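Here is a short tour for anyone meeting this protein for the first time. Have the 3D view open and follow along.

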Amino acid sequence: MHHPLKTRYLSVALCTGDAVRVPVWILDSGVPGPALLLVAAQHGNEVQGSEVIRRFIEKAAKRSLRGKILAVPFANPTALRQRRPHLNMGPEQPYADDRGHNMNLTWPGNPKGNDTARVTYAIDQAFGEEATHVFDLHCWSVQMAPMVLIDDEPEYRDLARKLGHRFVHVRSLGTVTLAGVLHHRGKIGITYEHAGQYEVNELEVLRCLRLVTNYAKAIGLLRGRLEPGDEPVLFSDETDAVTVKSPTSGLFVPAGCRLCDAVMKGYRLGHVLSDVNLRTTEVASPVRGYLRQYGAFRNNADVALTGRHPYVEKGDPLAIIVCPESDGFSARRGCKGGKSQTRPA
Ligand SMILES: [Zn+2]
């Protein structure tokens, strides 16, 4: 069993009259079945999904396959080459200051729009109708746990459980994102956020590779049993979250905990070395739960190094711990802080 992998190029005419080529992969089994569209790096600094797609295609080519895989590992080649989220951004320019170039807010694109909307349009024209399912791979800040983002529909919840990934964020997919546009066409659109922009992290790649393999199996693209994943899978609207705040200003030194992992009540998260009196204050988890955010982290951590600096003010968040609602442990009583809130990148 070895399916031929084809590489094709979408040529996009830009406003200047120049053209940009978007390379794509097509793996077609020749057997009727689902068409899974994989898209990565819509934001040029979010590149972990590109490697996930490469490995998944390599794996799928050797397996028993129904249907086809349509893959766009570098959806926004110009932003990729500029190593920035959107087209023509300057240093430390916030994501939200996108001047209409946030690709994930331009679907289904426009052949007469700006250069980003033109690329979007070309991808949608090539694959948007044929795809029955989409998996849109993004990355957010390295301090935030990787997460599956789904619409609030029973069908999506069932599918998300099968993916075997710790955190699922439930929200409206909107009408201008890739997943949202395909969802409104009656297809299945799932978005994913890796932990970490500007990098490719092996553990992150392996985690998402398991997830996309389970996605392919769950929809009948690949044969075989689902790979065992995280247990429990935690949905944002079914869980509470506790924010652990810094007891003092100073340098936060994390204790090496891993995102998504379980922490017990009293588990050491790190310490803060005060810049005022040089005292060291230990920081421990007040509850039993699962680590959804970890480390010094503030606005614009996705574009500016100061946002990632480990110097914290008193009250700054050091960690967010999610507590399963069904958890029978007494730590559940300590959970306050409302439903999980996240902002996609
Ligand atoms: Zn993104």
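What follows is a walk through a predicted model, from its domains down to single residues.

## Two domains and where they meet

Start with the big picture. The chain splits into domain 1, covering 5-218, and domain 2, covering 238-334. If you take the centres over C-alpha atoms, the two domains sit 30 Å apart.

How many residues of each domain are in contact with the other? On the domain 1 side there are 22, and they touch 20 residues of domain 2. Together the domains bury about 1,600 Å² between them, and carbon and sulfur atoms supply 57% of that area. Between domain 1 and domain 2, the salt bridge count is one.

While you are looking at charged pairs, find Glu238 and Arg157. Their side chains form a salt bridge, with N and O 3.3 Å apart.

## Salt bridges around helix H1

Side chains of opposite charge can pair up when their charged atoms come close. Across the whole structure, a search turns up 17 salt bridges. A good place to see some of them is helix H1, which runs over residues 48-61. Arg54 and Glu58 both belong to this helix and are four residues apart, about one turn. Their side chains join in a salt bridge at 3.6 Å, N to O. Both partners are partly exposed: Arg54 has a relative accessible area of 35%, and Glu58 comes in at 42%.

Now look at Arg55. Its salt-bridge partner is Glu202, and their closest N and O atoms are 2.9 Å apart. Arg55 lies in H1 while Glu202 lies in helix H6 (residues 202-218), so this pair ties together parts of the chain that are 147 residues apart in sequence. Glu202 is partly exposed too, at 42% relative accessible area.

Which residues make up the wider network of salt bridges here? It links Glu51, Arg54, Arg55, Glu58 and Glu202. The Arg54 and Glu58 pair and the Arg55 and Glu202 pair are therefore parts of one network.

## Domain 2: a charged pair and a nonpolar patch

Another salt bridge brings together Asp261 and Arg258, with N and O 3.3 Å apart. Asp261 counts as partly exposed at 28% relative accessibility, and Arg258 is also partly exposed, at 46%.

For something without charge, look for Leu251, Val253, Leu273 and Leu278. These residues form a nonpolar patch on the surface, and their accessible area adds up to about 320 Å². One of them, Leu273, lies in strand S13, which spans residues 268-273. Leu273 has a relative accessibility of 34%, so it counts as partly exposed.

## The loop between H2 and H3

Next, move to the loop that connects helix H2 (77-82) with helix H3 (115-128), where you will find Gln93. Is Gln93 buried or exposed? With 15% relative accessibility, Gln93 counts as buried. Leaving out residues up to four places away in sequence, Gln93 touches Asn88, Arg99 and Val303. The C-alpha atom of Gln93 is also 8.1 Å from that of Ala304, although the two residues are 211 apart along the chain.

Arg99, one of the residues Gln93 touches, is in the loop between H2 and H3 as well. The phi angle of Arg99 is near 50°, a positive value in a residue that isn't glycine. Arg99 is partly exposed, at 39% relative accessibility. The loop between H2 and H3 holds Pro108 too, and the peptide bond from Trp107 to Pro108 is cis, with omega near 5°.

## More backbone details

Where else can you find a cis peptide bond? Try the one from Glu231 to Pro232, which is cis with omega near 5°. Pro232 sits in the loop between H6 and strand S9 (234-235).

Finally, stop at Tyr198, in the loop between strand S8 (188-195) and H6. Phi of Tyr198 is near 60°, a positive value in a residue other than glycine. Tyr198 is partly exposed, with 41% relative accessible area.

Definitions and conventions
Residues are numbered from 1 along each chain as its sequence is written. This is a predicted model: local features need pLDDT of at least 70, side-chain atom pairs count only at pLDDT 80 or more; totals for chains, interfaces and linings use all residues. Side-chain values use heavy atoms; hydrogens and water are left out. A salt bridge is a side-chain nitrogen of Lys or Arg within 4 Å of a carboxyl oxygen of Asp or Glu. Helices (H or I, at least four residues) and strands (E, at least two) are DSSP runs, numbered from the N terminus. Buried means under 20% relative accessible area, exposed over 50%, partly exposed in between (1.4 Å probe, protein chains only). Patches are made of residues with over 30% relative accessible area and no salt bridge: like charges are joined within 9 Å, nonpolar side chains (Val, Leu, Ile, Met, Phe, Trp, Tyr) within 5 Å. Accessible areas come from the Shrake-Rupley method with a 1.4 Å probe; for residues, only the protein chains shown count as cover. Domain bounds come from an automatic or database domain assignment. Contact means heavy atoms within 4.5 Å. Buried area is the accessible area (1.4 Å probe) that two parts lose on being put together, summed over both.
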